[in-house]
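Biologist: I would like a close look at a single part of this protein: the sheet and what packs against it. Please go through it strand by strand, and keep it plain.

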Amino acid sequence: MQIPTTTLWIPPDIHAELMYYAWKVDAEVGGLGRLVFDQENNDIFVEELYLIEQEVHQTECTLSAEGTAKLYEELIANDEADKIGQLSLWWHSHKNMQAKFSTTDDECMRTWPGQYVVSLVVNRKGEMTASLTTKSPILVVGEIDVEVNWLDPYNVDFLEKDVEAKVSIVKPKYNTTPIKKKQEQLTSETKKTHNMTDAEWVDEEVKEWASMGYTVSHGYDKWDDWDTVNAQLEAEERKYWKEMGK
Ligand SMILES: [Zn+2]
């Protein structure tokens with residue numbers, strides 16, 4: 001059986017919010033987040049972050065029940081009660097410390113009021129660790145991957161059009177793969193014939209080309225082969241221009 005992997009995907013703007021909180025608050029600040037689960041790919045997406053009212057300490061972060069209750073009330077008042085069920089992300093910052101769960105953090109996850117919680121810890125360097133804790137049917141805690149989804153900024157439509165309009169990737173003038181293969185084959189044959197090591201081969205080639213005023217790292221000592229390769233390159237190039245002319 002192939003073990004499924006899970007990634008917690010964070011959009012760049014939410015990543016920026018996390019970093020802002022981590023840098024702005026000179027203590028371990030934390031809150032909740034709204035998640036969407038992609039069951040087809042076994043991945044998790046962070047949709048929204050919420051900072052909750054809290055008294056922060058330098059070294060520990062436990063979410064206050066009052067702060068959480070206040071957030072629920074706000075959502076209900078804003079006609080967003082349906083979001084409450086999706087608040088299964090617990091995030092917090094470790095400031096300048098390692099972004100690894102502490103024993104206090106482990107305890108928070110173990111005693112989480114819901115059936116499951118996705119935990120995320122970040123630090124000011126941008127390091128992140130995430131885990132998934134589920135309590136049903138038994139307690140299981142597993143580390144999951146966490147990534148910023150750089151291809152999903154808030155203004156992706158604009159950026160995408162901008163890139164399409166201004167950037168084109170230059171394709172090689174002709175397909176050099178067959179030539180490269182031929183070169184590799186000739187190199188290997190020559191080395192075998194002369195019983196040369198890779199280093200000796202390179203040395204010989206460099207010497208030969210240097211004597212003609214070229215700076216190269218490898219080449220050919222069989223001139224007939226070199227002519228064959230050149231002829232092939234020219235044929236490829238002719239084919240390319242013919243294709244282009246169609
Ligand atoms: Zn912590």
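Modeller: What follows goes round the sheet, then to the core, the helices beside it and a few loop residues.

The model is a predicted one. The protein chain has seven helices and seven strands. Read along the sequence, the elements come in the pattern β-α-β-β-α-β-α-β-β-β-α-α-α-α. The seven strands make a closed barrel in the order 1-3-2-4-5-6-7, and the pairing is mixed. From one strand to the next, the twist averages 30°. As general background, strands of a sheet pair through backbone hydrogen bonds, either parallel or antiparallel.

Take strand 2, residues 30-38, as a starting point. Strand 2 runs antiparallel to strand 3, and eight bridges join the two. Within that pairing, Val 36 has Phe 45 of strand 3 as its bridge partner. Strands 2 and 3 form a hairpin with four residues between them, and Asn 42, in the turn, has a positive phi of about 65°. Strand 2 is also joined to strand 4 by four bridges, again in the antiparallel sense. There, Gly 31 is bridged to Trp 91 in strand 4.

Further round the barrel, strand 6 and strand 7 pair in the antiparallel sense over five bridges. Thr 133 has Val 141 of strand 7 as its bridge partner, and Thr 134 stands opposite Val 140 in strand 7. These two strands form a hairpin too, with five residues between them. Pro 137 is found in this loop between strand 6 and strand 7. The peptide bond from Ser 136 to Pro 137 is cis, with omega near 0°.

Strand 7 also pairs with strand 1, here in the parallel sense, over four bridges. Leu 8 has Val 146 as its bridge partner in strand 7.

Leu 8 appears again in the core. The largest nonpolar core has 25 residues, and those touching the most other members are Leu 8, Ile 10, Val 46, Leu 89, Val 118, Leu 120 and Val 122. At least two residues of this core come from each of strand 1 (7-10), helix 1 (12-24), strand 3 (43-51), strand 4 (89-93), helix 3 (103-110) and strand 5 (116-122). Strand 5 gives the most, with five residues. Val 46 shows what one such position touches: leaving aside neighbours within four places in sequence, Val 46 is in contact with Leu 8, Trp 9, Ile 10, Pro 11, Ile 14, Gly 33, Leu 35 and Leu 89.

Two of the helices that supply this core can be placed against the strands. Helix 1 lies across strand 1, strand 3, strand 4, strand 5 and strand 7, and runs at about 45° to strand 3. In helix 3, the buried residues are Asp 105, Cys 108 and Met 109. Seen down the axis of helix 3, these buried residues fall within an arc of 95°, so they line one face of the helix. Their cover includes strand 5, strand 6 (128-134) and strand 7. On the other side of helix 3, Thr 103, Thr 104 and Arg 110 are exposed.

Some loop residues at the edges of these elements also deserve a look. Most residues other than glycine have a negative phi, and most peptide bonds are trans. Asp 79 is not a glycine, yet has a positive phi of about 65°. Asp 79 is in the loop between helix 2 (65-77) and strand 4, and is exposed because 8 other C-beta atoms lie within 10 Å, where 12 or fewer is the cut-off for exposed. Lys 95, also not a glycine, has a positive phi of about 55°. The place of Lys 95 is in the loop between strand 4 and helix 3. Lys 95 counts as partly exposed because it has 18 C-beta neighbours inside 10 Å.

After strand 7 (140-148), the loop leading to helix 4 (156-166) holds Trp 150. Trp 150 counts as exposed because it has 10 C-beta neighbours inside 10 Å. The C-alpha atoms of Trp 150 and Asp 13 are separated by 9.4 Å, although the two residues are 137 residues apart along the chain.

For the protein chain as a whole, buried residues make up 17% of the 246 residues. Among contacts between residues at least 6 apart in sequence, 61% join residues at least 24 apart.

Notes. Residues numbered from 1 in each chain as written. Predicted model: local features only at pLDDT ≥ 70, side-chain atom pairs only at ≥ 80, totals over all residues. Buried ≥ 20, exposed ≤ 12 C-beta atoms within 10 Å, placed from the backbone. Core = buried A, V, L, I, M, F, W, Y, C linked by C-beta atoms within 7 Å. Contact = placed C-beta atoms within 7 Å. Arc of directions from axis to C-beta. Pairing = 2+ DSSP bridges. Axes fitted to C-alpha atoms, helices over the stretch in contact; angles between N-to-C directions.
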